[in-house]
Amino acid sequence: MSRKVIRLVIGVVVILAGLFVIVGEQMAGVSSSAVINAQVLILRAPIDGEISLQVRTLGTRVTPGQPLATLSDPRPDDVRLVDLQRDVRRITIDVERLQALAKQLGPLRDSFARQAEDYAKGRVSQLETRLSEANATLDAVQARLRDSEASFRRAAELSRTGTVSGAEQSRTRAAFEVSSQDVEAARQRIAYLKIELEAARNGTFLGDSYNDTPYSQQRLRETDQRLAEIETEIRERKERLVALGEQVSEERVRAARFREARIVSPTTGILWEL
């Protein structure tokens with residue numbers, strides 16, 4: 001009889017305990033299936049990296065702008081920045097090389113300029129001397145022309161009286177005609193030398209057996225052209241350096257933005273879950 005009573009008591013206790021658990025779950029304020037009737041904000045990491053939390057305790061009240069965590073990337077993607085910096089170094093070295101080349105060509109250019117100037121002065125002096133010589137030659141042939149003309153006229157007068165033979169008259173006529181041609185040739189020579197002298201004074205050298213520009217002047221022009229090309233290349237590379245400098249600055253900002261980041265609270269709230 002006592003065993004039946006004990007079993008009955010145990011059964012009643014088990015039933016009461018089960019009822020207590022069921023009723024307790026139904027009346028509890030929080031459970032695993034609770035529904036939050038509030039706005040939830042989810043903050044995500046903007047970059048990959050290692051996170052360091054400033055707020056760790058669930059239920060902590062946070063305010064706007066309060067730091068919650070920091071992120072740092074120990075292996076940032078800076079390949080683009082390294083490539084840009086390498087381009088800057090390469091172009092800088094190229095500019096220095098071109099500047100050194102221009103510096104070396106400067107004295108050479110001055111040497112060619114002095115040679116060309118000396119040649120021009122010498123050529124002008126030479127032509128002036130030849131022109132003076134041609135004028136003297138013209139004076140001489142004109143004197144011979146006057147003498148041959150006088151001889152021809154005298155022979156012509158004497159031939160009418162029979163004093164001078166026809167052969168002598170022909171000889172004096174030929175001498176007169178040759179003198180006339182010599183005078184014309186001397187005048188043409190003077191005209192040619194005047195043209196050549198005027199051209200030489202203007203920097204152009206005329207002649208039958210050489211180019212119109214001396215070697216030193218040709219080299220001077222080549223050097224000036226090369227210097228102009230170098231200056232253009234230097235200017236172009238400096239413009240590229242300016243553009244690359246701007247790109248490097250932008251890339252540094254971008255790399256810094258992806259190297260480290262902060263997570264702050266956008267509003268007032270309670271930390272609910274990590």
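**View 1. The two faces of strand S4 in this predicted model.** Strand S4 has a covered face and an uncovered one. Ala 261 and Ile 263 belong to the covered face, while Glu 260, Arg 262 and Val 264 make up the uncovered face. This fits a handy rule: in a regular strand the side chains alternate between the two faces of the sheet. Helix H4 (residues 215-259) lies across S3 and S4, and the helix runs at about 55° to S4.

**View 2. An open sheet of three strands.** The order of the strands is S1-S3-S4, and the pairing is antiparallel. Which strands sit at the edges? They are S1 (50-53) and S4 (260-264), each of which pairs on one side only. On average, neighbouring strands of this sheet are turned by 20° against each other, direction ignored. As a reminder, strands of a sheet pair through backbone hydrogen bonds, either parallel or antiparallel.

**View 3. Strand S3 and its two partners, S1 and S4.** Take the S1 side to begin with: S1 and S3 (residues 67-72) pair in the antiparallel sense over four bridges. Here Ile 51 stands opposite Leu 71 in S3. Turning to S4, five bridges join this strand to S3, and the two run antiparallel. Look for Ala 69, which stands opposite Ile 263 in S4. Ile 263 is also one of the residues on the covered face of S4.

**View 4. A salt bridge between helices H4 and H2.** The structure holds 12 salt bridges, and one of them joins Arg 237 to Asp 94, with the closest N and O atoms 2.4 Å apart. Arg 237 lies in helix H4 and Asp 94 in helix H2 (residues 79-161), so the pair ties together parts that are 143 residues apart in sequence. Are these two residues buried or exposed? Both Arg 237 and Asp 94 are buried.

**View 5. Glu 236 and Arg 240, a salt bridge within helix H4.** The closest N and O atoms of this pair are 3.8 Å apart. Glu 236 and Arg 240 are separated by about one helical turn because they are four residues apart in helix H4. Glu 236 is partly exposed, with a relative accessible area of 32%, and Arg 240 counts as partly exposed at 35% relative accessibility. Which residues belong to the network of salt bridges here? Asp 94, Arg 97, Glu 236, Arg 237 and Arg 240 are joined into one network by salt bridges that share partners.

**View 6. The salt bridge of Glu 233 and Arg 226.** The side chains of these two residues meet at 4.0 Å, N to O. How accessible is each partner? Glu 233 has 26% relative accessibility, so this residue counts as partly exposed. Arg 226, at 31%, counts as partly exposed too.

**View 7. Thr 223 and its contacts.** Thr 223 lies in helix H4. With a relative accessible area of 6%, this residue is buried, because buried means under 20%. Which residues does Thr 223 touch, leaving aside its neighbours within four places in sequence? The contacts are Leu 105, Arg 109 and Phe 112.

**View 8. Ser 249 and Leu 81, brought together from far along the chain.** The two residues are 168 residues apart along the chain, yet their C-alpha atoms are separated by 9.1 Å. Ser 249 lies in helix H4 and counts as partly exposed, at 41% relative accessibility. For the chain as a whole, residues 24 or more positions apart account for 80% of the contacts with a separation of 6 or more.

**View 9. A nonpolar patch on the surface.** Leu 8, Val 12, Ile 15, Leu 16 and Leu 19 form this patch, and together they have about 500 Å² of accessible area. Ile 15 is in helix H1 (residues 2-27). At 55% relative accessibility, Ile 15 counts as exposed.

**View 10. The chain as the setting for these close-ups.** The chain has four helices and five strands, which follow the pattern α-β-β-β-α-α-α-β-β along the sequence. Of its 274 residues, 22% are buried. The chain exposes about 20000 Å², and carbon and sulfur atoms supply 54% of that area.

Key:
Residues are numbered from 1 along each chain as its sequence is written. This is a predicted model: local features need pLDDT of at least 70, side-chain atom pairs count only at pLDDT 80 or more; totals for chains, interfaces and linings use all residues. Side-chain values use heavy atoms; hydrogens and water are left out. Patches are made of residues with over 30% relative accessible area and no salt bridge: like charges are joined within 9 Å, nonpolar side chains (Val, Leu, Ile, Met, Phe, Trp, Tyr) within 5 Å. Accessible areas come from the Shrake-Rupley method with a 1.4 Å probe; for residues, only the protein chains shown count as cover. Buried means under 20% relative accessible area, exposed over 50%, partly exposed in between (1.4 Å probe, protein chains only). Two strands pair if DSSP finds at least two bridges between them. Axes are lines fitted to C-alpha atoms, for helices over the stretch in contact, and angles run from 0 to 180 degrees between N-to-C directions. Contact means heavy atoms within 4.5 Å.
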